[in-house]
Amino acid sequence: MLAEMRIQGLGVIEDALLELHPGFTVVTGETGAGKTMVVTGLHLLSGGRAEASKVRNGMLKAFVEGRFTLDKADAASRIVIDAGADIDEDGSVIALRTVAVDGRSRAHLGGRSVPVGVLADLSEQVIAVHGQNDQLRLLRPSEQRAVIDRFAGTAVSGPLTAYREVREEWLAIIAELTERSTRSREMAQQADLLKHGLTEIDAVAPEPGEDVELTEQIKRLMAVDELRASATEAHVAVSGSPDGDPDAPGALGLVGEAVRRLVSAEDPALRDLVPRLEEASVLLTDVGAELGGYVEGLDADPGLLEKVLARQADLKRLTRKYAADIDGVLAWADDASRRLESMDTSEEALAELARRRDELATQLAGHATEVSAARGKAAAELASAITNELSGLAMGQAELEITVEQRPAEHGDRQALTIDGHAVHAGPDGIDEVELLLRAHNGAPPLPVHKAASGGELSRVMLAIEVVLAHADTVQTLVFDEVDAGVGGRAAVEIGRRLARLARTHQVLVVTHLPQVAAFADQHLVVDKGTSGGVTRSGVKLLEQSDRVKELARMLAGMDGTETGRAHAEELLAAAEKDKAAAAPKRKRAKKG
């Protein structure tokens with residue numbers, strides 16, 4: 001949850017610290033005092049768009065800092081750790097967002113600079129902000145479908161995951177079949193070129209690195225006379241003259257003569273040198289034999305140079321056409337073989353792809369039908385639950401309906417799927433179109449919720465949905481920005497009651513102008529606006545009980561200076577406390593059950 005938040009230089013707020021209650025915290029204040037800056041700060045802390053116009057006049061930067069407490073085993077902690085940030089021993093992490101007057105912004109998490117997207121990922125796990133924009137998003141079909149999916153839980157998410165996996169392969173097969181069918185002539189031409197190249201390479205059958213080896217061999221063969229003379233002279237120097245000339249005994253003969261002289265010497269010190277000379281003699285014998293073999297090998301095949309040059313010419317024909325060297329030619333051949341496998345445009349190959357496409361379509365239809373059935377069941381249960389909530393929000397005659405219908409495929413739709421003889425659009429979230437309909441009163445026709453509900457009623461529908469979905473919402477902190485807009489009287493009391501109910505399982509932060517809502521809060525913060533030296537400044541302070549009575553009286557049409565207003569405020573607080581106390585035993589019994 002969000003333990004505290006500090007705002008500096010944002011709008012009219014110069015410096016404010018909000019220490020938040022784990023239950024229900026309410027933020028109030030006069031119009032223009034800066035209540036909305038609290039929500040703006042939360043949006044920035046959640047990775048929202050930065051606007052230079054929000055930076056306070058006279059300041060270079062705006063700062064929003066939040067301290068979150070996390071469970072080290074949950075997804076939010078993994079995001080922090082993956083970003084290289086640190087989580088304190090008490091499970092808390094500091095997030096910071098700065099916005100400069102030139103519009104540039106920076107994000108920090110756990111003492112490290114991170115992309116703004118990391119804050120957005122973290123906020124998705126810990127904070128959900130609901131305001132006027134969120135009500136507008138509720139009007140989108142995709143958002144309405146998401147409401148059902150959240151409520152249904154694994155009943156939808158399970159088959160929907162399977163649906164998406166099959167759909168991905170199904171679309172890939174369709175794309176491949178389309179490409180092979182429409183580009184068959186072009187692909188056939190490309191395949192012929194590849195086959196010709198592979199045939200030419202196979203005919204030469206080059207070996208890896210063969211071109212380098214041939215180059216070295218050619219150098220030796222072209223210098224054969226010089227090499228023969230050098231090797232022959234070296235052989236004579238080591239082994240002596242082949243005709244036994246005593247004047248050219250070679251190194252081997254000289255060493256042998258030295259051995260004979262030392263063997264008969266009287267001095268043991270000279271005789272001790274004999275073994276070492278004998279070792280030298282063995283080594284010279286080996287070298288002489290290798291030199292002799294080398295000379296004989298040079299004379300073994302006089303036509304070898306011609307053969308090697310011919311082989312080199314064959315390899316050069318390949319390197320001129322396919323790659324810079326033989327290793328590159330072999331790599332081209334491997335790639336060409338793989339490309340040929342995907343260019344089979346024969347009737348057999350196309351028929352196999354079509355068979356696989358139809359097989360996947362059958363599987364996809366099965367998963368889509370399962371998803372639709374789960375959504376239909378969840379829609380009925382969710383609509384009934386929301387209708388029950390609306391009855392307590394001064395919308396007793398209103399009835400919510402949720403329709404789940406298959407979306408027909410349009411002409412030429414490449415994602416068309418046939419189910420029960422009808423072509424439907426198989427989108428990434430299934431085949432269903434979901435719509436929230438509201439029947440304003442008995443006898444009224446069901447209409448799309450944005451047409452049947454006023455602004456205030458739409459706020460209440462939004463709140464009812466959140467109350468019903470509280471069990472399915474993994475986000476711990478819920479923020480409501482004037483969700484009570486356009487509401488008053490008894491409906492306002494019911495909104496406060498339901499927000500207090502949400503606070504039993506979630507941390508709830510509400511920006512409101514209604515005293516009936518504020519009375520239900522566990523903690524009351526007020527945004528104060530003051531003027532000093534012609535400069536307007538706002539701050540946030542925590543209200544004690546006596547100050548809270550005064551603030552509620554002010555919210556009651558500016559009655560903070562009257563006894564009647566104070567009495568009314570005290571009555572509101574007492575009624576709210578009594579209501580929460582009555583609900584507390586129910587909560588305990590529910591936990592035991």
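**Exercise 1. Decide how helix α1 sits in the structure, and look at the residue that follows.**

Step 1. Helix α1 covers residues 35-45; helices here are DSSP runs of H or I with at least four residues, strands are runs of E with at least two, and both are numbered from the N terminus.

Step 2. Apply the burial classes: buried is under 20% relative accessible area, exposed is over 50%, and partly exposed lies in between (1.4 Å probe, protein chains only).

Step 3. Nine of the 11 residues of α1 are buried, so the helix is largely enclosed by the rest of the structure. The buried positions are Lys35, Met37, Val38, Val39, Thr40, Gly41, Leu42, Leu44 and Leu45.

Step 4. Gly47, just after α1, has a positive phi of about 85 degrees.

The model is predicted: local features need pLDDT of at least 70, side-chain atom pairs count only at pLDDT 80 or more, and totals for chains, interfaces and linings use all residues. Residues are numbered from 1 along each chain as its sequence is written, and side-chain values use heavy atoms, with hydrogens and water left out.

**Exercise 2. Describe the overall form of the chain.**

Step 1. Count the elements: the chain has 21 helices and 17 strands.

Step 2. Take the radius of gyration over C-alpha atoms, and the globule rule as 2.2 Å times the number of residues to the power 0.38. For 593 residues a compact globule would come near 25 Å, whereas the chain has 43 Å.

Step 3. Set this beside the principal axes, along which the C-alpha trace spans about 140 × 75 × 55 Å.

Step 4. Buried residues are 41% of the 593 in the chain. The accessible surface is about 31100 Å², with 51% of it belonging to carbon and sulfur atoms; the areas come from the Shrake-Rupley method with a 1.4 Å probe, and for residues only the protein chains shown count as cover.

Step 5. A contact means heavy atoms within 4.5 Å. Of the contacts with a separation of 6 or more, 70% join residues 24 or more positions apart.

**Exercise 3. Compare the span of helix α6 with its expected value, and list its buried residues.**

Step 1. The expected span is 1.5 Å times one less than the number of residues. Helix α6 (residues 154-182) has 29 residues, and 42 Å is expected.

Step 2. From first C-alpha to last, α6 reaches 41 Å, close to that value.

Step 3. Its buried residues are Val156, Pro159, Leu160, Tyr163, Val166, Arg167, Trp170, Ile173, Ile174, Leu177 and Arg180.

**Exercise 4. Find the surroundings of Gln507 and Glu389.**

Step 1. Gln507 belongs to strand β15 (residues 507-511) and is buried at 2% relative accessible area.

Step 2. Leaving out residues up to four places away in sequence, Gln507 touches Met1, Leu2, Leu20, His21, Pro22, Gly23, Gln476, Thr477 and Leu478. Ala3 is 504 residues from Gln507 in sequence, yet the two C-alpha atoms are 9.7 Å apart.

Step 3. Glu389 lies in helix α15 (residues 347-391) and is also buried, with a relative accessible area of 11%. With residues up to four places away again left out, Glu389 touches Ala464, Val467, Val468, Arg498 and Arg501.

**Exercise 5. Pick out two residues with an unusual sign of phi and place them.**

Step 1. Start from the background: most residues other than glycine have a negative phi.

Step 2. Ala205 has a positive phi near 55 degrees. Ala205 sits in the loop between α7 (184-204) and α8 (210-222) and is partly exposed at 43%.

Step 3. Asp420, not a glycine either, has a positive phi of about 55 degrees. Its place is the loop between β10 (416-419) and β11 (422-425), where Asp420 is exposed with a relative accessible area of 73%.

**Exercise 6. Give the C-alpha separations for Arg317 and Gly412.**

Step 1. Arg317 is in helix α13 (residues 304-321) and counts as partly exposed at 39% relative accessibility. Between Arg317 and Ile148, 169 residues apart along the chain, the C-alpha separation is 67 Å.

Step 2. Gly412 is in the loop between β9 (399-406) and β10, and is exposed at 61%. Gly412 and His513 are 101 residues apart along the chain, with their C-alpha atoms separated by 52 Å.
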